[in-house]
Amino acid sequence: TISGVSVTHGGSGCSAATSEGPFSDITVDSNGTVQSVTLPIVTGDGYITGKAIIVSHGSGDKTLVVSCVASPGGDITVLNIDTAGTGYSTANPPIIYCPEGTIGAAPTFGTDNAGANFAGVYATNGVFNGGAIIGVYVTNAGTDYTQNIKITHVSAFNAGTCSSRVEGIGEAILAYGSVVAADPANPARVCSR
């Protein structure tokens, strides 16, 4: 399975036509639980409905999950709090981007890979900053992936302008999740490579 993506080659031209966000204007309760994320009155063009990409959690516990809802024309209309987290503050808020396209996984050139069903959404640094992919939210970790895979751009409103390197937009973080037996002084642990 692919548990995450480390973006190393963000490409260019992958952004929405009219940028909206990032969003960091939040309201919190006394425990730092996020109550809402303010959606300014700005019309975007080219966003998709899906999980938000949070590139910084600020002061929070890194459990905040936000979903973005986009109109058929790609304007963000709603920001929903799926998991509110704790420890967040308005002084050091999270930085939230809505998704602009989808990604997939493919074998690198000249190799085979039995993996299937990986999917994710991505956010960019915006149309005025080159439209490079800066973050990914994995929506399906897939199964049976091994080494020799690349993460590829799949779709977006501006799919025709999105360019990335032959080796893909980044490195897949493989989660093998196999448990290794150990002696009693060193309990079993989860291995990752």
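Me: Before anything else, what does "buried" mean here, and what percentage of the 193 residues in the protein chain is buried?
Reply: Buried means under 20% relative accessible area. Keep in mind that this is a predicted model. Going by that cut-off, the buried share of the chain's 193 residues is 38%.

Me: OK, how many helices and strands does the protein chain have?
Reply: Let's take the two kinds in turn. The helix count is 0. For strands, the chain has 15.

Me: Which side chain of opposite charge is nearest to Glu-20?
Reply: Glu-20 sits in the loop between strand 1 (2–7) and strand 2 (26–28). This residue is buried, yet there's no salt bridge to go with it. A salt bridge needs the nitrogen and carboxyl oxygen within 4 Å. The nearest opposite charge is 18 Å away, and it belongs to Lys-51.

Me: Then which residue's backbone nitrogen lies 3.2 Å from a polar atom of the Glu-20 side chain?
Reply: Leaving out neighbours within four places in sequence, Glu-20 touches Leu-39, Val-42, Thr-43, Gly-44, Tyr-47, Asp-75 and Ile-76. From that list, the backbone nitrogen at 3.2 Å is the one of Ile-76.

Me: Which residue stands opposite Ile-76?
Reply: Ile-76 is in strand 7, which covers 76–83. Strand 7 pairs antiparallel with strand 6 (residues 65–70) over 6 bridges. The residue standing opposite Ile-76 is Ala-70.

Me: And which strands stand at the edges of that sheet?
Reply: The sheet is open, with 3 antiparallel strands in the order 4-6-7. An edge strand has a single partner, so one of its sides is left without a neighbour in the sheet. That description fits strand 4 (50–51) and strand 7.

Terms used:
Residues are numbered from 1 along each chain as its sequence is written. This is a predicted model: local features need pLDDT of at least 70, side-chain atom pairs count only at pLDDT 80 or more; totals for chains, interfaces and linings use all residues. Side-chain values use heavy atoms; hydrogens and water are left out. Helices (H or I, at least four residues) and strands (E, at least two) are DSSP runs, numbered from the N terminus. Buried means under 20% relative accessible area, exposed over 50%, partly exposed in between (1.4 Å probe, protein chains only). Lys and Arg count as positive and Asp and Glu as negative; His and the chain ends are not counted. A polar contact is a pair of N or O atoms within 3.5 Å; within protein, one must be able to donate a hydrogen and the other to accept it, and residues adjacent in sequence count only if both atoms are side-chain atoms. Contact means heavy atoms within 4.5 Å. Two strands pair if DSSP finds at least two bridges between them.
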